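User: I would like to go through this structure by way of its strand pairing, its backbone outliers and its aromatic contacts. Please give the criteria as they come up.

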Amino acid sequence: MEIIFKILPTLLLTGTLLAFTTDDTPVKGKYRWDFEIPGSGTQSSVHEFADGYILYTMKGAAYTAEYRMDIVKHEKNRYVLKGAEGGPKSGRYFVIYLKDISPDTITMYKKELPTLEEALAFPEPDAGNTESHGWNVYSRVK
């Protein structure tokens, strides 16, 4: 019985960490969405899905950025992410929803939020939602 009390904390911690595992990522690799900003030109938004994180890159005349988002929680078509420590979005949270996943494209919605609680509570937006650039079709970068 004494051995159970010694290993119980380790088992509980392991179970908690496994609840937040990210190995079942539905997509891998880079996906890009190009769009026009009137008067500024074309912008390119790229999300690279990897084990444990998503790397975001935006390039264009109006705005350029790159930051890593570590996966906090993943369930089916929803990611809850946190800006990587030391990066420009450190301490910020994100929610990404995916739908219409095919070998060549995904439809994605991304929202930045100030707290983990807000990110966890953020519901899937309806198809007509235009906040945060709305839903967009990203093509696989080969």
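User: Which residue is the bridge partner of Lys82 in strand 6?

Analyst: This is a predicted model, in which local features need pLDDT of at least 70 and side-chain atom pairs count only at pLDDT 80 or more, while totals for chains, interfaces and linings use all residues. Residues are numbered from 1 along each chain as its sequence is written, and side-chain values use heavy atoms, with hydrogens and water left out. Strand 5 (residues 78–83) and strand 6 run antiparallel and are joined by five bridges, where strands are DSSP runs of E with at least two residues, helices are runs of H or I with at least four, both numbered from the N terminus, and two strands pair if DSSP finds at least two bridges between them. In strand 6, the partner of Lys82 is Tyr93.

User: In what order do the strands of the closed barrel run?

Analyst: Strand 2 (residues 41–50) is joined to strand 3 (residues 53–60) by eight antiparallel bridges, and strand 3 pairs with strand 4 (residues 65–75) in the antiparallel sense over six bridges. The closed barrel has eight strands with antiparallel pairing, and its order is 1-2-3-4-5-6-7-8.

User: Which residue takes a positive phi in the hairpin of strand 2 and strand 3?

Analyst: On the paired strands, Glu48 stands opposite Leu55 of strand 3. The hairpin has two residues between its strands, and the residue with a positive phi, near 90°, is Gly52.

User: Where does Asp100 lie, and what is its relative accessible area?

Analyst: Asp100 has a positive phi of about 50° although it is not a glycine. Its place is the loop between strand 6 (93–99) and strand 7 (105–113). Asp100 is exposed (exposed means over 50% relative accessible area, buried under 20% and partly exposed in between, with a 1.4 Å probe and protein chains only), and its value is 55%.

User: What is the relative accessibility of His133?

Analyst: His133, another residue other than glycine, has a positive phi near 75°. His133 is found in the loop between helix 2 (116–121) and strand 8 (136–140). It counts as exposed, at a relative accessibility of 57%.

User: How many residues apart in sequence are the parts that Tyr31 and Phe49 tie together?

Analyst: The whole structure holds eight aromatic pairs, counted when ring centres of Phe, Tyr or Trp (its six-membered ring) lie within 6.5 Å, with planes under 30 degrees apart called stacked, over 60 edge-to-face and the rest tilted. Tyr31 and Phe49 form an edge-to-face pair, with 6.0 Å from centre to centre and 85° between the planes. Because Tyr31 lies in strand 1 (residues 29–37) and Phe49 in strand 2, the separation of the parts that the pair ties together is 18 residues.

User: Are Tyr31 and Phe49 buried or exposed?

Analyst: The relative accessible area of Tyr31 is 0%, and that of Phe49 is 3%. Each of these two rings therefore counts as buried.

User: What kind of pair do Tyr109 and Trp135 form?

Analyst: The ring centres of Tyr109 and Trp135 are 5.6 Å apart and their planes stand at 50°, so the pair is classed as tilted.

User: How far from the ring centre of Trp135 is the charged end of Lys99?

Analyst: Such a contact requires NZ of Lys or CZ of Arg within 6 Å of the ring centre and within 35 degrees of the ring normal. The charged end of Arg68 sits over the ring of Tyr53, 4.0 Å from its centre. For Lys99 over the ring of Trp135, the distance is 4.1 Å.
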